[in-house]
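Here are my notes on the model, set out as numbered points. Please read them with the structure open.

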Amino acid sequence: MSEFSGGADFFGRIPLFREFARLLASESGPVNWELARQVAVATAVGADAFGAAPALPRPAPAPPPGERAEWDERLRLAELWVDPVTSLAGRGLTLTAQPVSRPDWAEAALRELAPLVEPGARRLTEALRPEAGATPDEMGQVMSRLGSLLAGLQVGGLVGQLARLVLAQYDLGLPSREPARVMVVPENVAEFEGSAGVRADQFRLWLAAHEVVRQRIFVGVPWLADHLTAVVDEIARETNPDPSGLIDRLQSMNLGGAEDLREIMEGGQGLLGPPTPALEAAVGRLEAALAITEGYALTICERALTGRLPELGAITAAVERRLADSDGPQTLFAGLLRVDPERAGAARGLRFCREVLAATDIEGLDRLWAHPDFLPTPEELAVPGRWLERSGLVGGLEIDLDEGLRTLLEEEGAAPEAADEHPDSPEAGDKDQGSGGTDRDP
């Protein structure tokens, strides 16, 4: 008799698992992506994926005629505004908008997530088999399928929740296989505009500019997507899962109870075992990369749109509140990647970019993208002066943005001729306080 409670009939004793028996009949890899797709779509349309009788979702209104053309026009205008304020090029791609429904976004996102999700899921599955005493026997197959099933449920549930929150293609730090396409979720955009109290015409121009900048980060920095994948792989290698904790929890759970299954899915973070210095270092690099990419996008949007959108301040404040929301999409995405949402948050990257611009210029900031080694470390995100020193831009003191701007204003008051100095001149670039480059074009 098997030592594992439930034995070979384990899946048959859980109604939810019986419902997906067809999906479990064959090997599916570390993540059961078909199950993830079904759960994501159900969650995206508002159904309770774990309930016995989910309510039928209300149909979403069809996008108005001409919406795609309107988004295309916004993207064209945003490109004209972004071009002068960053050295990242679009590589000649013509961006095309694609308004999509929430389920459509969920299915597309699952395809992009595989390289970021599968390494960790594979590591857990590998740990489960030895813990179950499995060789190529029935118990080992059950444990592998269990790991694949739980990963599919977790990924599908989170992506379904994200589908109800994301605004557009690059709302998350997720590379795209189709870099010329920009998906927009009109239903979510309209909901955010209403809840944030921002004007639709101006916010949609801001969103178009954000998508252009984010697209250029991934297209204009060809090594970035591979760098993210490599760090995720390193995190998986350095992880030492605690499969006994999962097995103990499975043995004590109320078979057929949806709440216990939900606890297993949401408790995955606790199954990873104690952190090691190597694991913490790899997680820190991923958090820094996520923080700097979003912080850079916000910074370039501010530079490109200052003086063009009268409500830019209100839009920026609403966006920053959304990014910091503990129930927002960035927090969910951080949970999916098992990183700290605050350390991976845009606020750290935005502060870094602003302080670097206060000390140098946009060409100095864009040195970020020259090579993976130029990305700031977690310590350099906290003290940008260290990155400036390592990059050879200034002499190694921490730059204080408020102090830098205050000093600049005092100098301009004492010497009016200094106001005519171009912010990108060599003399300005050599100053520690800089030009406050976020408020003007270079």
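What should the 21 residues of α7 span at 1.5 Å a residue, and how far apart are its end C-alpha atoms?

1. Span of α7. The expected value is 30 Å and the end C-alpha atoms lie 29 Å apart, so the two agree. The expected span is taken as 1.5 Å times one less than the number of residues. Helices here are DSSP runs of H or I with at least four residues, strands are runs of E with at least two, and both are numbered from the N terminus.

2. Basis. This is a predicted model, in which local features need pLDDT of at least 70 and side-chain atom pairs count only at pLDDT 80 or more, while totals for chains, interfaces and linings use all residues. Residues are numbered from 1 along each chain as its sequence is written, and side-chain values use heavy atoms, with hydrogens and water left out.

3. Overall content. The protein has 19 helices and two strands. Of its 442 residues, 52% are buried (buried means under 20% relative accessible area, exposed over 50%, partly exposed in between, with a 1.4 Å probe and protein chains only). Taking contacts between residues at least 6 apart in sequence, 78% join residues at least 24 apart; contact means heavy atoms within 4.5 Å.

4. Burial of α7. Helix α7 is mostly covered, with 18 of its 21 residues buried. Its packing against three helices is taken up in the next points. Two packed helices are described by the angle between their axes and the distance between the axes.

5. α7 with α11. Helix α7 (residues 200-220) packs on helix α11 (residues 277-305) at about 130°, and the axes are 9 Å apart. Axes are lines fitted to C-alpha atoms, for helices over the stretch in contact, and angles run from 0 to 180 degrees between N-to-C directions. That angle makes α7 oblique to α11 (under 35 degrees is roughly parallel, over 145 roughly antiparallel, 65 to 115 roughly perpendicular, the rest oblique). The crossing of α7 and α11 is right-handed, that is, the near helix is turned clockwise from the far one by less than a right angle; anticlockwise would be left-handed. On the α7 side the contact uses W206, A209, H210, V213, R214 and I217, and on the α11 side T293, E294, Y296, A297, L298, I300, C301 and L305. By class, the residues of this contact are ten nonpolar, two polar and two charged. Nonpolar covers Ala, Val, Leu, Ile, Met, Phe, Trp, Tyr, Cys and Pro; charged covers Asp, Glu, Lys and Arg; the others, Gly among them, are polar.

6. α3 with α7. The axes of helix α3 (residues 67-82) and α7 come within 8 Å and cross at roughly 65°, in a right-handed sense. Residues of α3 in the contact include W71, L75 and W81, and those of α7 include L205, V212 and R216. The contact of α3 with α7 holds twelve nonpolar, no polar and four charged residues.

7. α7 with α12. Helix α12 (residues 312-324) packs on α7 at about 65°, with the axes 10 Å apart, and this crossing is right-handed. Q202, F203 and W206 of α7 meet L312, I315 and V319 of α12. Five of these residues are nonpolar, one is polar and none is charged.

8. L88. This residue sits in the loop between α3 and β1 (96-99) and is buried, at 7% relative accessible area. Leaving aside neighbours within four places in sequence, L88 contacts R216, I217, G220, V221, Y296, D366 and W369. The C-alpha atoms of L88 and D366 are 7.9 Å apart, although 278 residues separate the two along the chain.

9. Positive phi values. R91, in the loop between α3 and β1, has phi near 55° and is not glycine; R91 is exposed, at 53% relative accessible area. R338, in the loop between α13 (329-337) and α14 (346-359), is likewise not a glycine and has a positive phi of about 60°. At 27% relative accessibility, R338 is partly exposed.

10. R181. This residue belongs to strand β2 (residues 181-184) and counts as buried at 12% relative accessibility. Beyond neighbours within four places in sequence, R181 is in contact with T96, Q98, E112, Q169 and S176.
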